[in-house]
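Notebook open, fresh page. I want to look up how the ligand is held and how far I can trust the model.

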Amino acid sequence: MKVPLHIPVLLDHVLKILCRNEKQIFLDLTFGAGGHTKGLLNRNEKSIVYALDRDQNAIELAYEMAKEYPNRLFPFHGQFSELKQIFKNKENFFDGILLDAGTSTMQLNDPKRGFSFRHEGPLDMRMNSKLKSITAYDLVNKLDEATLSRLIRLYGEDQRHRKIARCIYQWRSTFGPISTTIQLASIIKIGLGGSASDVDKLNRPIHPATKTFQALRIVVNDELNELYNGLEQAYTLLKPDGILLCISFHSLEDRIIKRHFQGIVLHSDEFSLNFDDKLLNTQAEKQIRYDIQTKHIIEADDNELDENPKSRSAKLRYGIKL
Ligand SMILES: C[S@@+](CC[C@H](N)C(=O)[O-])C[C@H]1O[C@@H](n2cnc3c(N)ncnc32)[C@H](O)[C@@H]1O
């Protein structure tokens, strides 16, 4: 299998923080293209990595990579919310756990997966395409206008949510279902008057459909719930004195990670694909569980931004389990 071109974000920081002695056992919760896993394995030849991903393609790649590291890389296909079940006998087991949230370059660059408006593809966006679950097509074509607007507000944090929902709704009422990524992106762009009003951290214009695509992807993959549950379950797998390191790419993820480190336990039982904002707003009890090491988040420096623009929104937080 051809290894995709992928530059792992904040790799030097990840290795410096996680690699504390010669023989450690790590859990990489987001194998992706294996960039961070490879870094960990190469840093110390006695270290071992257990690698998880919900994407079958990523896990196939992990099995290929495992051949280069006999008895040192163990791939698992599954998702964060299944952690306890997958690693049943591994409580207080790992020296370090890494979570690099979001989508991989492999997913974004594969037109068939429908994650990106840069490539023409079906409106899919499932990270685990083996599951017969909801797709972006279902959300875009079946939700009523008010729900669509709410989804874009909550998960895209886009102020123009009403206008975007209206143009999607009007289009499909007039012309029928919206079926491809580029079609959806164009409808949004035209609906907003063709403007690219947002800019990223590098001052580059952002496509007006960016936040809507983020919102759809989050709901299709139930990402916030997954993240919240994953962090709770990962805690039990980490050894006391072990390190949890998380990298996030937007404020919704970062908020959940920050609250986890602060020990804020949310009540999320009923939260799922009904896009209830409970998870984002609930006040709950506090348990001190980590010695937080990042009072100030770690971000990419200018060299990394030049080399890998994807790192522009990456935020790294880590803590030591008490
Ligand atoms: C940003 S990529 C990771 C890139 C990786 N660190 C590397 O260096 O190649 C995120 C990966 O996490 C996976 N992922 C996202 N949410 C997940 C979940 N809830 N459970 C398991 N894997 C998940 C995605 O499928 C994707 O492959």
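My entries below go from confidence to the ligand site.

Confidence came up before anything else. This is a predicted model, and I noted a chain average pLDDT of 92, with 92% of the residues scoring at least 70. I flagged residues 269-273, where pLDDT stays under 50. For that stretch I found 11 contacts beyond four places in sequence in the model.

Next I asked where the ligand sits. I found it in the largest cavity.

Then I went through the shell. I counted 24 residues around the ligand, and those that come nearest are His36, Asp53, Asp100, Gln107 and Glu226. By type, I split the shell into 12 polar, seven nonpolar and five charged residues.

I also checked the backbone for polar contacts. At Ala33, a polar backbone atom is 2.9 Å from an oxygen atom of the ligand. Phe31 has a polar backbone atom 3.3 Å from a ligand oxygen. For Thr30, I noted a backbone N or O atom 3.4 Å from a nitrogen atom of the ligand.

Last, I looked up how much of the ligand is covered: on its own the ligand has 610 Å² of accessible area, and the protein covers 98% of that.

Note on methods:
Residues numbered from 1 in each chain as written. Predicted model: local features only at pLDDT ≥ 70, side-chain atom pairs only at ≥ 80, totals over all residues. Heavy atoms only, no water. Near = heavy atom within 4 Å. Polar contact = N/O pair within 3.5 Å; in protein donor to acceptor, adjacent residues only side chain to side chain. Areas by Shrake-Rupley, 256 points an atom, 1.4 Å probe, with all protein chains shown as cover. 1 Å grid on protein atoms, 1.4 Å probe; cavity = no way out; pocket = protein on both sides within 12 Å on 5 of 7 lines; lining within 4 Å. Sits in = over half its atoms within 2 Å of the grid points. Nonpolar A, V, L, I, M, F, W, Y, C, P; charged D, E, K, R; others polar. pLDDT = per-residue confidence, 0-100. Contact = heavy atoms within 4.5 Å.
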